[in-house]
Amino acid sequence: MNVGPVCPRCGEDLVARPGSDEAWCHLHGAVTPLHHTAVLGHDTLSAVCADARVPAWVPDPMPGGWAVTGVAWGGEPGARGIVVDCAGPAPLGGPAELVLVAEEPGTGLGAGYAGLPWLDPGELVGGPSTAAVTAAGQRAALWSVPTADDRSALVGEAFGVWLWLVTWPATAAWLLAEDLVLVDLRDRVPPDLPLGPPGEHFLPGA
């Protein structure tokens, strides 16, 4: 079941401007609507990935006890930004959440989850990298992004678009201490991919 679109930068409900087809956020003006679903299923993931222009990243293998807990997408037809929310036990104990974002430049999705006021990471990406993941067989360097104390945020580039990883709490970034491998659900949605209810930070601004 789909629910109303929200702003990709703050998660607020959107309105239609009189006399315009633009989706409008009272904080950020005209934006690309971020769509999401209240009930996640394998068929939903397949439908979102069918004509997506950006990857839908998930860890493979999924860390023990973890599940995909939400998917959101911006831009139709052909998603120009995809969010995959995952949740499970934190490496250092307690619950944790990991949001993976793939987006074309100028979308602002990853910055929304990281709590940044701009659209793209810009000069934050440069110099020695902080970490790296393997994304669809290619090494993707990641740079740490200054953010709130309750989370960690890293950003890099993979397959020509931005790749963001945002974790709650900040210590959940220890997931990257081991060789984190990401696969693109556009290639295949495994029928046994574990699914769960939406996490607390599923939408930006939470």
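Visitor: Before we look around, what makes a salt bridge here?
Guide: This is a predicted model, by the way. Side chains of opposite charge can pair when their charged atoms come close. The cut-off used here is a side-chain nitrogen of Lys or Arg lying, from a carboxyl oxygen of Asp or Glu, within 4 Å.

Visitor: How far apart, N to O, are the side chains of Asp-150 and Arg-151?
Guide: These two side chains meet in a salt bridge, a pairing that calls for N and O within 4 Å. Their N to O distance is 2.9 Å.

Visitor: Is Arg-151 buried or exposed?
Guide: Its partner Asp-150 has 36% relative accessibility, so Asp-150 counts as partly exposed. For Arg-151 the relative accessible area is 13%, and the cut-off for the lowest class is under 20%. That makes Arg-151 buried.

Visitor: How many salt bridges are there by this rule?
Guide: Asp-150 with Arg-151 is one of them, and Arg-186 with Asp-184 is another. Glu-104 with Arg-53 also makes the list. By this rule the count is three.

Visitor: Which parts of the chain does the Glu-104 and Arg-53 pair link, and how many residues apart are they?
Guide: The closest N and O atoms of Glu-104 and Arg-53 are 3.1 Å apart. Glu-104 sits in the loop between strand 9 and helix 2, while Arg-53 is in the loop between helix 1 and strand 6. Arg-53 is partly exposed, at 45% relative accessible area. The pair links distant parts of the chain, 51 residues apart.

Visitor: And in the salt bridge of Arg-186 with Asp-184, how far apart are the closest N and O atoms?
Guide: Arg-186 is partly exposed at 33% relative accessibility, whereas Asp-184 is buried with 7%. The closest N and O atoms of this salt bridge are apart by 2.8 Å.

Visitor: Why is the pair of Trp-57 and Phe-159 rings called tilted?
Guide: By the rule used, there is one aromatic pair. The ring centres of Trp-57 and Phe-159 are 6.0 Å apart, with planes at 40 degrees. Planes under 30 degrees apart would be stacked and over 60 edge-to-face, so this pair is tilted.

Visitor: How many residues apart are Trp-57 and Phe-159?
Guide: Trp-57 is in strand 6, and Phe-159 is in the loop between strand 12 and strand 13. Trp-57 is buried at 2% relative accessibility, but Phe-159 is partly exposed at 43%. The pair links distant parts of the chain, with a separation of 102 residues.

Visitor: What is the phi of Ala-136, which is not a glycine?
Guide: Ala-136 lies in the loop between strand 10 and strand 11. Phe-159 also has a positive phi, near 60 degrees. For Ala-136, phi is positive too, at about 50 degrees.

Visitor: Which residue does a cis peptide bond join to Asp-60?
Guide: Omega for this bond is about 5 degrees. The partner sits in the loop between strand 6 and strand 7. Another cis bond runs from Trp-168 to Pro-169, with omega near -10 degrees. Asp-60 is joined to Pro-61.

Visitor: What separates the C-alpha atoms of Gly-70 and Val-83?
Guide: Gly-70 lies in strand 7 and counts as buried at 3% relative accessibility. Not counting residues up to four places away in sequence, Gly-70 touches several residues, among them Leu-40, Val-83 and Phe-202. Gly-70 and Val-83 are 13 residues apart along the chain, yet their C-alpha atoms are separated by 7.9 Å.

Notes: Residues are numbered from 1 along each chain as its sequence is written. This is a predicted model: local features need pLDDT of at least 70, side-chain atom pairs count only at pLDDT 80 or more; totals for chains, interfaces and linings use all residues. Side-chain values use heavy atoms; hydrogens and water are left out. Helices (H or I, at least four residues) and strands (E, at least two) are DSSP runs, numbered from the N terminus. Buried means under 20% relative accessible area, exposed over 50%, partly exposed in between (1.4 Å probe, protein chains only). Contact means heavy atoms within 4.5 Å. Rings of Phe, Tyr and Trp (its six-membered ring) pair if their centres lie within 6.5 Å; planes under 30 degrees apart count as stacked, over 60 as edge-to-face and the rest as tilted.
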